[in-house]
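Okay, thanks everyone, I'll keep this short. Let me put the thing on the screen so we can walk through it together.

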Amino acid sequence: MSIKIKTFASLSCALAVSLPFGFASSAQAAGANAISVKDAWVRWLPNNLPAAGYATLVNASDKPVDLVDISSNDYGDAMLHQTVSNGSSQKMVMVDKLTVPAHGQVSISPGGYHVMLEDAKHKVAPGDTVHLQLKFSDGETLDTPFAVKSPAQTK
Ligand SMILES: [Cu+2]
């Protein structure tokens, strides 16, 4: 229950909805979760610039599973982007879904995918932990802690 208590502390009006969600997650815990998340961290930037979330998604099941939605109580906007280079320049494109292959993994890592995090709802600083809700095509939603790091910490 420690995760629920943390969520409650940051959401003063969450009591009414936290009970049904608690039931849902304990029901899920009875079965094996297909997806697990490793090495989740956020590259923080100063002056309210957008931050970038990175993680590795591991699929233990024998079916591909898609990451289909991301949300966060800590940011107004959380979107999956891909950095695409065309010649000398780079641009970011929106990604609707990211497939984690059966018995495989996919990395959301610098130079490839990132979770664009904009409009922080409270002060976020290196050393903090933020939470992203990662929603998957098999119906699973993983409330995942991401460690916030300064650019200097990630080199
Ligand atoms: Cu982006």
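I'll talk about a metal site first, and then about a charged pair. Keep in mind that this is a predicted model.

So, the copper ion. Which protein atoms are its donors? They're ND1 of H81, SD of M92, NE2 of H114 and SD of M116, and they sit 2.1 to 2.3 Å from the metal. For the geometry people here: the angles among the four donor atoms run from 91 to 118°, and the site is tetrahedral. The ideal value for four tetrahedral donors would be 109.5 degrees. If you want to find the donor residues along the chain, look for the spacing H-x10-M-x21-H-x1-M.

Let me zoom in on H114. You'll find it in strand β8, which covers residues 113–120. Is H114 buried or exposed? Its relative accessibility is 7%, so we call it buried. Leaving out residues up to four places away in sequence, H114 touches A52, G53, Y54, M79, L80, H81, T83, M92 and I108. Notice that H81 and M92 are in that list, and both are copper donors as well. M116 is also buried, at 13% relative accessibility.

Now the charged pair. How many salt bridges does a search of the whole structure find? Just one. The partners are the side chains of K97 and D66, at 3.4 Å from N to O. K97 is in the loop between β5 and β6 while D66 is in strand β3, so the pair ties together parts 31 residues apart in sequence. And D66 counts as buried, because its relative accessibility is 14%.

Notes
Residues are numbered from 1 along each chain as its sequence is written. This is a predicted model: local features need pLDDT of at least 70, side-chain atom pairs count only at pLDDT 80 or more; totals for chains, interfaces and linings use all residues. Side-chain values use heavy atoms; hydrogens and water are left out. Helices (H or I, at least four residues) and strands (E, at least two) are DSSP runs, numbered from the N terminus. Buried means under 20% relative accessible area, exposed over 50%, partly exposed in between (1.4 Å probe, protein chains only). Contact means heavy atoms within 4.5 Å. Donors are N, O and S atoms within 2.8 Å of the metal (3.2 Å for Na, K and Ca); water is not among the atoms, so sites may look incomplete. Four donors count as tetrahedral if all angles lie between 85 and 135 degrees; four count as square planar and six as octahedral if opposite donors are over 155 degrees apart and all others between 65 and 115; anything else is irregular. A salt bridge is a side-chain nitrogen of Lys or Arg within 4 Å of a carboxyl oxygen of Asp or Glu.
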